[in-house]
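Biologist: I would like a close look at one part of this protein, the salt bridges, and then at whatever else can be said of the places around them. Please take it residue by residue and keep it plain.

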Amino acid sequence: MRQRGFPTIKLAHWLLLAILSFSLSFSGLTMPSLAQSGAKQLPILDSQPQQVTEPEQSVPASPNALGLNDPQELKAFVDNFFNKEMSKTHVPGAVISVVKDGKLFFAKGYGYANLEKKILVEADKTLFRVASLSKVFTATAAMQLYERGQLDLDADVNKYLTGFQVDNPYSEPVTAARMMMHTDGTTVRRIGLAARTEAEMQPLGDYLAHQMPPVVWPPGKLYSYSSHSTALLGYVVEKISGTPFAEYIDKNIFQALKMHRSTFLQPPPPELADNLAVGYQYQSGNFKPVPFLYLNIAPAAAMSTTATDMANFMIAHLLRGRYENLRILEEDTVWLMHETHFAHHPKLPGTSYSFRERLENNIRMIGHLGSLRGYSSSLTLMPERNIGIFIASNSFSGIHEKLLSQFLDRYFPAPETPAPKPLAFTDEQLDRFTGTYRDVEYPRATFLKPSAVFKHINIKKGHNGTLVIKTPGLFFLSNPQNITLIPVGPQLFKRANDDALTAFGDAVEDEASNQIKFAFNPLWPKIGAYERVPWYETAWVQLGLLGFCVLVFLSAFFIWPIRPLIRRLRGKHFQIERQYSRAWLVAGLIGTLNLVFLIGLPLSLWLYGAWKLAYGVPAFVIAFLCLPLITSVFVLILGLLLYTGQAWQKDWSFMERSHYSLITLAALAFIPFLLYWNLLGFQF
């Protein structure tokens, strides 16, 4: 009997696991394991794979280790790097440009811009889509308007808008300065940010009027990256200047800097289009070209450029606004733009106006990363050394981060510095910091809210007065490395395996509170925040509630057509059995429709390619979203409650009464679950 029963139990276990996995994974736009595997749900924009890995192994320092001096020596180093890494990390093509002391120091392309046509990457000819590097150009344009007295960086942005207003429930205003720092309080939005064709793109103002994410944090209190806030800043530039955004950038920045092979137009103009590198996705052992994404948020991510054009932009910022005999910004304005304006903790890297701060090898750098389906890039400025580095590739990869880390270790190795003295924390003190946290950057206002589950981390007590950051094994399929934190300050911790710091913060709504609400920079050294999750929002509690509902709905699905038939065969009275059948019909209908929704929606999105939600919501998703509305309508729920009451008054057995009551309980519990995850109604 035990051997015969085991397969059934095992089958039920795997069936439940499959349903739960599908039900919480339809947000493939951000699921880390999918991003790593290159499946259909590759991230669309600015989604750094949430993967905790071993730190990069240091490379030997340059023979003189006195900094960057010899272009030929740098060429040999970069050649060797790309020869090793491109095949290892599945990068078809890449490019780099390095500037120093106001001049181009080195530039070279590697691999292919077009694999099918065997077109090589050329540093001064091949265009790459640089995604969020676009943001520093939009910020530069805003600072030009600031210089002219046309834009007040600290004024409420609604002052400059017509046709729509930013809905801000807080007393602190959303301002241009805060949009450049990503402290404006808005958050991520993924649905509808792109179009399939140029003709389908929406005018910037029309798009933002309907798709601007809500303000969910008090402005000025928390860093939460949002491409839409930069798109809004670009719209402000457009409104103030009276010039279309792409035209303004071309006239006031590209032409001034002789960036003749750069554009915000989508697609690039004919004279540039043939030299645009094809974006690729590595899948099943092959490179697959990805379609051109026509972005509705152009100021945040639409720029295409060459490595040598980017060199001119880096030179201008390093020379405090000057390129050759022209100036795009005044020197004081550049100082203001590069200054750190916000950080979660004085010892953590912060953000300037659009440039993000990076602290590594005792060097302060500012820059930005860019990630778009089929492309990745980075821009790094070392103002104190007058050096700039631009790296791009035509695949979604982290090759630029590897190269930059090895570059720093070789030419600017970290000096020997004494480690901060650890503090002795008691278990009670460490308990303040333990718990489950999630990245604050997730789509809170749409049905992709369940993607937040894949951004959870667990912070627990370790050995000898330390904390340990762990990532839930259910969502990180490659057994990521745990991070050990050593206390070095009241709310400041140092990682055991490198010099990066993690800090903790109190609730932003109540600064006098002693409750730990946030973890800052827990996984990466760049600025970022994770919020503490209440127990009822943790993945396992939500999975437990979902699992209970699924099991009960499964039982209703299997039993409702069978149980009335069995009672009929036992000779029960027809009138009684008709009422009994109706009761189980209602229960079976609710259970079946809920199961169809839980399985059908994620499965159909998986087959369709969830990244295509960037184009908008297809009809089949709307159809599936109708099912919870049907099962939760007043008539069905009232009918279920009515039949539950009758069950306890009629000649039902105790097991039948209990089972039916359990179905009613699951159906009722499912409604707040759907509401919480934005799955009840059409929230997109």
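Modeller: What follows goes through the salt bridges and then turns to backbone geometry, a pocket and a surface patch. The model is a predicted one.

Across the whole structure, 14 salt bridges are found. One of them pairs E85 with K402, and their closest N and O atoms are 3.5 Å apart. E85 belongs to helix α3, residues 71–88, and K402 to helix α13, residues 399–411, so this pair ties together parts that are 317 residues apart in sequence. The two partners fall into separate burial classes. E85 has a relative accessibility of 8% and therefore counts as buried, the limit for that class being under 20%. K402, at 22% relative accessibility, counts as partly exposed.

Helix α13 takes part in a further bridge through E401, whose side chain meets that of R358 at 3.1 Å, N to O. R358 lies in strand β12, residues 356–360, and E401 in helix α13, so here the parts tied together are 43 residues apart in sequence. On the strand side, R358 is buried, with a relative accessible area of 19%. On the helix side, E401 is partly exposed, its relative accessible area being 26%.

Strand β12 leads on to a point of backbone geometry. N361 lies in the loop between β12 and β13, the latter covering residues 363–372. N361 is not a glycine, yet its phi is positive, about 55 degrees. Most residues other than glycine have a negative phi. With a relative accessible area of 15%, N361 is buried.

Another bridge joins R178 and E172, with 3.1 Å between the closest N and O atoms. R178 has 18% relative accessibility and counts as buried, whereas E172 is partly exposed, at 35% relative accessible area. R178 falls within helix α5, which spans 176–181, and H182 lies in the loop between that helix and β5 (194–195). H182 also has a positive phi, near 60 degrees, and is a residue other than glycine. The relative accessible area of H182 is 2%, so H182 is buried.

Salt bridges also occur as a network, one that links R438, R444, E531 and E537. Several residues with neighbouring numbers can be placed as well. D439 lies in strand β16, residues 435–439, and R438 falls within the range of that strand. D439 counts as buried, at 10% relative accessibility. The C-alpha atom of D439 is 6.1 Å from that of A529, although the two residues are 90 residues apart along the chain. A529 falls in the range of β23, 529–532, and the loop between β23 and α15 (539–559) holds W535. The C-alpha atoms of W535 and G435 are separated by 8.6 Å, with their positions 100 residues apart along the chain. W535 is exposed, with a relative accessible area of 64%, where exposed means over 50%.

Next comes the second largest pocket. The space in this pocket is about 320 Å³. There are 15 lining residues, and those closest to the centre of the pocket are M201, L204, A246, Q266 and A298. Two elements, α8 (245–254) and α10 (298–301), each give two or more residues to the lining. By residue type, the lining of this pocket divides into 11 nonpolar, 3 polar and 1 charged.

Q266, named above among the residues closest to the pocket centre, is also one side of a cis peptide bond. This bond joins Q266 to P267, and omega is about -5 degrees. Most peptide bonds are trans. P267 is found in the loop between α8 and α9, the latter covering 270–273.

The last item is on the surface. I599, L603, W606 and L607 make a nonpolar surface patch of about 330 Å². I599 is found in helix α17, residues 574–608. At 30% relative accessibility, I599 counts as partly exposed.

Conventions:
Residues are numbered from 1 along each chain as its sequence is written. This is a predicted model: local features need pLDDT of at least 70, side-chain atom pairs count only at pLDDT 80 or more; totals for chains, interfaces and linings use all residues. Side-chain values use heavy atoms; hydrogens and water are left out. On a 1 Å grid over the protein atoms alone, a cavity is a set of points where a 1.4 Å probe fits but cannot get out, and a pocket is an open set with protein on both sides within 12 Å along at least five of seven lines; lining residues have an atom within 4 Å of a point. Grid points are joined across faces, edges and corners, and a volume is the space filled by probe spheres set on the points. Helices (H or I, at least four residues) and strands (E, at least two) are DSSP runs, numbered from the N terminus. Ala, Val, Leu, Ile, Met, Phe, Trp, Tyr, Cys and Pro count as nonpolar, Asp, Glu, Lys and Arg as charged, and the others, Gly among them, as polar. Patches are made of residues with over 30% relative accessible area and no salt bridge: like charges are joined within 9 Å, nonpolar side chains (Val, Leu, Ile, Met, Phe, Trp, Tyr) within 5 Å. Accessible areas come from the Shrake-Rupley method with a 1.4 Å probe; for residues, only the protein chains shown count as cover. A salt bridge is a side-chain nitrogen of Lys or Arg within 4 Å of a carboxyl oxygen of Asp or Glu. Buried means under 20% relative accessible area, exposed over 50%, partly exposed in between (1.4 Å probe, protein chains only).
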